[in-house]
Amino acid sequence: MPKTLPVLTIPDERLRKPAKPVSLETIERLRAEGFFDALIATMRKEDGVGIAATQVGSAHRIFVALESRTPQVYINPEIFGRSIRTAVDTEGCLSVPGVIGAVRRAKSVTLRALTMEGKSVERRAKDLIARIYQHELDHLDGVLFIDRAVQLWETKKDAPTPRV
Ligand code: ZN
């Protein structure tokens, strides 16, 4: 079982710092150090469907999204296509315990990123996965869903809203 990392919660200032692009050498080093495994293990332990490196106090532009139960690692991700159509849905965040919010996001997006192997990938996603991409990319820019929410509610920890 890979080690897990502590998840930062608000008002930790590190959640507000934009993350920096990752070089191929750094990807190599992070892989050797088991950082990606630890990030995935942390997401699973916290029962999240996504996690950004920012949330564990790492300033690298990296996030994980759970897609069809498979964790996908995206490095230096960029959204370069967004649908004009938007949707409002509820979101929660591992870094904002006890709160969910209604957030308007693009319904579908196209993401470009590098994989753990340093390979370039392009993913077109809609609905929940598109929402995870947008939520995690926000983390890498120091933005939290509570900044964007049109409404916020207090919630129990076991609420069915996906936390990312
Ligand atoms: Zn989050």
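This is a short tour of one predicted model, stop by stop, beginning at its zinc ion.

Residues are numbered from 1 along each chain as its sequence is written, and side-chain values use heavy atoms, with hydrogens and water left out. Because the model is predicted, local features need pLDDT of at least 70 and side-chain atom pairs count only at pLDDT 80 or more, while totals for chains, interfaces and linings use all residues.

**Stop 1: the zinc ion**

Select the zinc ion together with Cys93, His135, His139 and Val164. The donor atoms are SG of Cys93, NE2 of His135, NE2 of His139 and O of Val164, lying 2.0 to 2.3 Å from the ion. (Donors are N, O and S atoms within 2.8 Å of the metal, or 3.2 Å for Na, K and Ca; water is not among the atoms, so sites may look incomplete.) Along the chain these donors follow the spacing C-x41-H-x3-H-x24-V. The angles between the four donor atoms run from 96 to 139 degrees, which makes the arrangement irregular; four donors would count as tetrahedral if all angles lay between 85 and 135 degrees.

**Stop 2: helix H3**

Now select residues 127-140, which form helix H3. (Helices are DSSP runs of H or I with at least four residues, strands are runs of E with at least two, and both are numbered from the N terminus.) His135 and His139 both lie in H3, four residues apart, about one turn of the helix. An α-helix has 3.6 residues a turn, so residues three or four places apart point the same way.

How many of the 14 residues of H3 are buried? Eleven are, so the helix is mostly covered. Buried means under 20% relative accessible area, exposed over 50%, and partly exposed in between, with a 1.4 Å probe and protein chains only. His135 has 3% relative accessibility and therefore counts as buried, and His139, at 1%, is buried as well. Just after H3, look for Gly142, with a positive phi of about 80 degrees.

**Stop 3: the sheet beside the helix**

Show strands E4 (86-93) and E5 (96-106), then add E8 (151-154). These three strands form an open antiparallel sheet in the order E4-E5-E8. E4 and E8 stand at the edges with a single partner strand each, so one side of each has no neighbour in the sheet. Two strands pair if DSSP finds at least two bridges between them; E4 and E5 are joined by eight. One place to look is Val88, whose bridge partner in E5 is Arg104. H3 packs on this sheet and touches E4 and E5. Contact here means heavy atoms within 4.5 Å.

**Stop 4: two residues to click on**

Which strand holds Val103? Val103 is in E5, and at 0% relative accessibility it counts as buried. Its contacts, not counting residues up to four places away in sequence, include Val88, Arg131 and Phe145.

Next, click on Ser95, in the loop between E4 and E5. Ser95 is also buried, at 0% relative accessibility. Among the residues that Ser95 touches, again not counting those up to four places away in sequence, are Leu15, Gln55 and the zinc donor His139.

**Stop 5: strands E3, E6 and E7**

Finish with E6 (residues 108-114), where six of seven residues are buried. Five bridges join E6 to E3 (residues 70-82), running antiparallel, and Ile79 has Leu111 as its bridge partner in E6. Seven bridges join E6 to E7 (residues 120-126), also antiparallel. In the hairpin of E6 and E7, with five residues between the strands, Gly118 takes a positive phi near 80 degrees.

Key. Tetrahedral: all angles 85-135°; square planar, octahedral: opposite > 155°, others 65-115°. Axes fitted to C-alpha atoms, helices over the stretch in contact; angles between N-to-C directions.
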